[in-house]
Amino acid sequence: MIWIVLFSALALQGPKIEPQQCLRCHSEVWRDWKGSLHAQALTDPIFVSVVKTLSEAQTSYCYSCHDPEGNKMGVSCTYCHRITRLVTQGNLNLKFIPTDTLFGPWPPTVDSLPHLVAVRKHYSQGEFCGACHDVKNLKGFLLFSTYSEWKESPYAIEGITCQKCHMPQDLLRSPVDKPYVSQLPLTAHGFQGGHSVEQLQRSIELVLFPVQVADPLEVRVDLTNKEAGHYLPTGVPNRWLRLQVDLLDEKGNLIARGERIYERVVGDDQGNRLVDIGQMFLKATQTLSDNRIPPRSTIHENLKFAQIPEKKVKMVRARVYYEMGNLPQIQEGVVAKVLLASQVYSLEHTVLGPWGKLFVLVFLLIGLGLTLWFFIRKGGTT
Ligand code: HEC
Ligand code: HEC
Ligand code: HEC
Ligand code: HEC
Ligand code: HEC
């Protein structure tokens, strides 16, 4: 055992320290990270497809965040855990020192540590993530600002950091493999975001209100960003939400469709809309529009359908999708689509044909007659 510890300590010396070494003792953390977009920041097919369209001078700027250590490991353990201090917010304004010391959030709980550990409180602060998740493009324009959106939200005031939502702690599991016995909780390193269906689905709430038969037919829908600590969607402006309201006949066939898109649109100096991610990084200088859902906010929608054959409409269905696209090859096409929520309102009960109306009338008349008869009789006996 002593040998293993000694060997490890030696293996972690000097500039040779590499992310692969962490796997030996932090295997749970490693597995989690390996599946995250941080581990894939360099190989992520969307990133690769965009980088191909840029010149070498331009891509070195991209790699500063997508491969900050220059070791082709993406945003790795050895990068994140050797950040000694934060300078200002955004665009990698932080101090990275490639030493033997690994910086972490908490005082160690193991007596003979196999590597040096130093505590920095920034690991538990949203500012740490903000160093990369507020990004100015090559024109100095804030292309996306997940950190700033969070900073201005109620979550920041309540102390609900990025880590609380994206790195939940498991007190029952250890971050270090046996034989080490650690008192620290295991923190999730999978960084679930817009590529996680589960994370996306819990972020939104859709409410479809009862629909009255009329012309125009009105459909009211509320969309609430209930669990994202920033705008929905956030990050690179190549994603949007699509609300789709469908009027269906009794067989489920589509009679009419209404749609709304929620997105941030960026443009160049002349105010031309930019749809290609690469162009956004090179040319965007302004936000042309932004109707995304702010944290803990609700958007009220009212869709009107005129001249619909009302008797045929049996169901109203509202669905909301998260979509990604705007890649160089396909321009405005969609590369990913996730159904976040769906609700159906059946009109059956509110629509009464002529026979239904007659039935209700007869029923009411009988009721009235009986009541009258009852009172007349009561009056007669006293
Ligand atoms: C994007 C930056 C980032 C990357 C990449 C990263 N970590 Fe972390 N790590 C953090 C932050 C932030 C915390 C503190 C979380 C908190 O305060 O709740 C942390 C906490 C830890 C802890 C202490 C908490 C625990 O789970 O016991 C260990 C150990 C750790 N990381 C190891 C690793 C290893 C090993 C890797 C690579 C497989 C890795 N980290 C990759 C940011 C990162
Ligand atoms: C030989 C086993 C071993 C190896 C290899 C190893 N660690 Fe550790 N690490 C530990 C032990 C043990 C602790 C102490 C846990 C405690 O204090 O409860 C620790 C603590 C940490 C902490 C401090 C958490 C905190 O806030 O106190 C971080 C960060 C960390 N390791 C990251 C790494 C990274 C990154 C690598 C890869 C370069 C790595 N470790 C490689 C065993 C190892
Ligand atoms: C060194 C820069 C850096 C730091 C620090 C950093 N990130 Fe990231 N993060 C990235 C990059 C780059 C990507 C995108 C990778 C890709 O898809 O190409 C990313 C992706 C993500 C994603 C996935 C997004 C998606 O679309 O699914 C989440 C979630 C995330 N980061 C959360 C965090 C949190 C929380 C922290 C702080 C604990 C943090 N990041 C710290 C650079 C960083
Ligand atoms: C209250 C919980 C909460 C907080 C706080 C929070 N997030 Fe998120 N985050 C979510 C949820 C839920 C999603 C999935 C929905 C979405 O994509 O917006 C998400 C998505 C993301 C994504 C992926 C965006 C996309 O559409 O692909 C990134 C990147 C991200 N968060 C980073 C951060 C960073 C950085 C912070 C802190 C500055 C932070 N988050 C704070 C809950 C939170
Ligand atoms: C200051 C840090 C930083 C720089 C510089 C940077 N990025 Fe990113 N990039 C990020 C972060 C953080 C994310 C994750 C945002 C999210 O998903 O919300 C990201 C995400 C992306 C994505 C989306 C990946 C996906 O799967 O959805 C693409 C594409 C991308 N970046 C391309 C580039 C290109 C091209 C460049 C250079 C022109 C570049 N980035 C420069 C930080 C940076």
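Strands here are DSSP runs of E covering at least two residues, and helices are runs of H or I covering at least four, numbered from the N terminus. The exercises below concern a predicted model.

**Exercise 1.** Identify the two cis peptide bonds described here, at Pro179 and at Pro216, and locate each proline.

*Solution.*
Step 1. The bond that runs from Lys178 to Pro179 is cis, and its omega is near 5°.
Step 2. Pro179 belongs to the loop between β7 (169-170) and β8.
Step 3. Asp215 and Pro216 are likewise joined by a cis peptide bond, with omega about 0°.
Step 4. Pro216 is placed in the loop between β9 (204-208) and β10 (217-225).

**Exercise 2.** Determine whether Lys72 is buried or exposed, and do the like for Phe191.

*Solution.*
Step 1. Lys72 is not a glycine, yet it has a positive phi of about 60°. Lys72 lies in the loop between α5 (56-66) and α6.
Step 2. A residue is exposed if 12 or fewer other C-beta atoms lie within 10 Å of its own, and buried if there are 20 or more.
Step 3. Lys72 has 10 C-beta neighbours inside 10 Å and therefore counts as exposed.
Step 4. Phe191, also a residue other than glycine, has a positive phi near 45°. Its place is in the loop between β8 and α11 (197-203).
Step 5. Phe191 is buried, because 20 other C-beta atoms lie within 10 Å.

**Exercise 3.** Describe the shell around ligand 1: its residues, the elements that supply them and its chemical character.

*Solution.*
Step 1. Ligand 1 is surrounded by 24 residues, of which Cys22, His26, Cys77, Cys80 and Pro175 are the closest.
Step 2. Two or more residues of this shell come from each of α3 (27-34), α6 (77-80) and β8 (186-187).
Step 3. The element that gives the most is α3, with three residues.
Step 4. By class, the shell around ligand 1 holds 15 nonpolar residues, nine polar and no charged.

**Exercise 4.** Describe the shell around ligand 3 by the steps of Exercise 3.

*Solution.*
Step 1. There are 23 residues around ligand 3, and those that come nearest are Ala41, Cys129, Cys132, His166 and Gly193.
Step 2. At least two residues of the shell around ligand 3 are supplied by each of α5, α7 (126-133) and α10 (162-166).
Step 3. The largest share belongs to α7, which provides five residues.
Step 4. The shell around ligand 3 comprises 13 nonpolar residues, nine polar and one charged.

Technical notes. Residues are numbered from 1 along each chain as its sequence is written. Chains are lettered from A and ligands numbered from 1 in the order in which they are written. This is a predicted model: local features need pLDDT of at least 70, side-chain atom pairs count only at pLDDT 80 or more; totals for chains, interfaces and linings use all residues. A residue is near a molecule or strand if its C-beta atom, placed from the backbone, lies within 6 Å of it. Ala, Val, Leu, Ile, Met, Phe, Trp, Tyr, Cys and Pro count as nonpolar, Asp, Glu, Lys and Arg as charged, and the others, Gly among them, as polar.
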